[in-house]
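Trainee: I would like to go through the aromatic rings of this protein and the labels they are given. Where should we begin?

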Amino acid sequence: MSFDPTAPSGSPDQWWTNAVVYQIYPRSFSDLNGDGVGDLAGVIDKLGYLELLGVDAIWLSPIMRSPMADHGYDVSDPRDVDPVFGDLATFDELVAEAHDRDIRVTMDLVPNHTSNQHAWFSAALAAGPGSPERERYLFRPGRGEHGELPPNNWTSVFGGRAWSRIREPDGELGEWYLHLFAREQPDLNWENPEVMADLEQTMRFWLDRGVDGFRIDVAHGMAKAPGLPDMETPAVVLKHTDDDPRFNNDEVHEIHRRIRAVMDQYPGTANVGEVWVESSEEFGKYVRPDELHLGFNFRLATVPFDVDAVREAIDESLAATAAVGATPTWTLSNHDVPREVTRYTPPVPADYPDPEWAAENALGIGIARARAMALVELALPGTVFVYNGAELGLPDADLPDDALVDPVWERSGRTERGRDGCRVPIPWEGEEPPFGFSSSPDTWLPIPADWNRFTVETQLEDVYSTLSLYRQAIELRYARPEFSGDRVDWYGAPPGCLAFRRPGGLICALNGTTSPVPLPHGQILLLSLPLVDGMLAPNAAAWLV
């Protein structure tokens, strides 16, 4: 039985076309065994919260067996659960209990690379140059008189060069291997049929356990440019461009067709790819009917709080998917980018006379803007991804240098602080760290002492909290017929504002200015902030019908 692309969007097999998916970063969600690191038992413990929030599905960031050089994205055994998170029995329990609550479970799949502690890589090191074992990875002889220079000038996304040299079995310096990320993450050779066969085995292993889909890491990266040519321009740490020979090569699309062929044998499952490309045309290629079901569109996660930039991001995103008949996706943040509250918080001048007051006021603006953008995002057609903590209005944490563990910090020569600030554990309850996240005060990343105002416990009791806003918005999104239709029609709006209408009748208005503005005509469904003299407040959004 194959997946039916003509099934109506309301059918169970097409749940992913209009879903709210909640991203769980397992290390930081809930720790039930008291070791300071979140685990699967902690996720099970919080399923009631997720049901209360109203999400359709969860996406688990990596839980597979890993030495944790990159917090799970260096996989040593793709068909097992790492002990830090639990075991397969606990995973099976999570899937069963989530399904009992009508919550689907998706998980990370990491096909671009393995851990350097994977059995394949150990075999490659032992086997020597030219061996079938080495052909599973991208080993190359070095340049220079004695092979002392890397095979090309590629750099790692995390900083530094993308090649590491090994010692051969005889003890002599020998070949180099490619790693687009950390040296502990050797890239696989996707021209080797063994690699696809192994991924298919991994997919079936999890799909047979009841998993509802995958988020595919570095979905634009598995195929490398033929001949591995030098980069013409230097890359920026944590950035990819469309003309980068390391990524977005045409051969990657055949890989996705092979992945889709497996998914089609499991009706009701879906995959979403991490696709960092700039061109709408290039993005659309990944979500053609025989490739990814969904592609992460990061435009709203990277643009500033500026209505022109937001409108352009929405238009381009809708155009990219409409051209190939695909479902658009929206997200304001994830584990790799600064949280929206932090991105939207205006900077405080260094010479401001009361910097503490100014910083608190600026944070309030950032939170208000994030609330407004949540309504914009949830008003759009397609599927929405919410990163854990976004529903609490969390900012990035300002961590001390000695607490940083992201490999970007060390590999960049401590010039790039990395992504730890957006990965700090979730505050659940109480007045002091660890706020119910763990019974241990020694959490894997420290939780700021002033996050007591952001706890789930505090916000559940406040009908005006960010958490309450998310709950109301998600409920309305499903309950009201006005949210129907696959496009948006733009309204005329005052300068610094935007407004659009869904075909079903929903109107969403955003005020990006510093003054109140009149609302469009209609009955108010939801406001991100109270009205000011009957008008839409600055940095606020409204839903009307």
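Mentor: With a definition: buried means under 20% relative accessible area, exposed means over 50%, and partly exposed lies in between. Keep in mind that the model is predicted.

Trainee: What makes tryptophan 357 count as partly exposed?

Mentor: Its relative accessibility is 48%. Partly exposed is the class between under 20% and over 50%, so tryptophan 357 falls there. Tyrosine 352, at 32%, is partly exposed by the same reasoning.

Trainee: Why is the pair of tyrosine 352 and tryptophan 357 called stacked?

Mentor: The centres are 6.3 Å apart and the planes are at 15°. A pair needs centres within 6.5 Å, and planes under 30 degrees apart count as stacked. Therefore both conditions are met.

Trainee: How many aromatic pairs does a search of the whole structure find?

Mentor: The search finds 21. One of them joins phenylalanine 121 and tyrosine 137.

Trainee: Why is the pair of phenylalanine 121 and tyrosine 137 edge-to-face?

Mentor: The ring planes are at 85° and the centres 5.1 Å apart. Over 60 degrees counts as edge-to-face, so the label follows. Phenylalanine 121 lies in helix H4, tyrosine 137 in the loop between H4 and strand S6, 16 residues apart.

Trainee: Are phenylalanine 121 and tyrosine 137 buried or exposed?

Mentor: Phenylalanine 121 has 2% relative accessibility, and tyrosine 137 also has 2%. Buried means under 20%, so both are buried.

Trainee: What makes lysine 46 a charge over the ring of tryptophan 428?

Mentor: The charged end of lysine 46 is 4.2 Å from the ring centre. The distance limit is within 6 Å, and the charge must also be within 35 degrees of the ring normal.

Notes
Residues are numbered from 1 along each chain as its sequence is written. This is a predicted model: local features need pLDDT of at least 70, side-chain atom pairs count only at pLDDT 80 or more; totals for chains, interfaces and linings use all residues. Side-chain values use heavy atoms; hydrogens and water are left out. Rings of Phe, Tyr and Trp (its six-membered ring) pair if their centres lie within 6.5 Å; planes under 30 degrees apart count as stacked, over 60 as edge-to-face and the rest as tilted. Helices (H or I, at least four residues) and strands (E, at least two) are DSSP runs, numbered from the N terminus. Buried means under 20% relative accessible area, exposed over 50%, partly exposed in between (1.4 Å probe, protein chains only).
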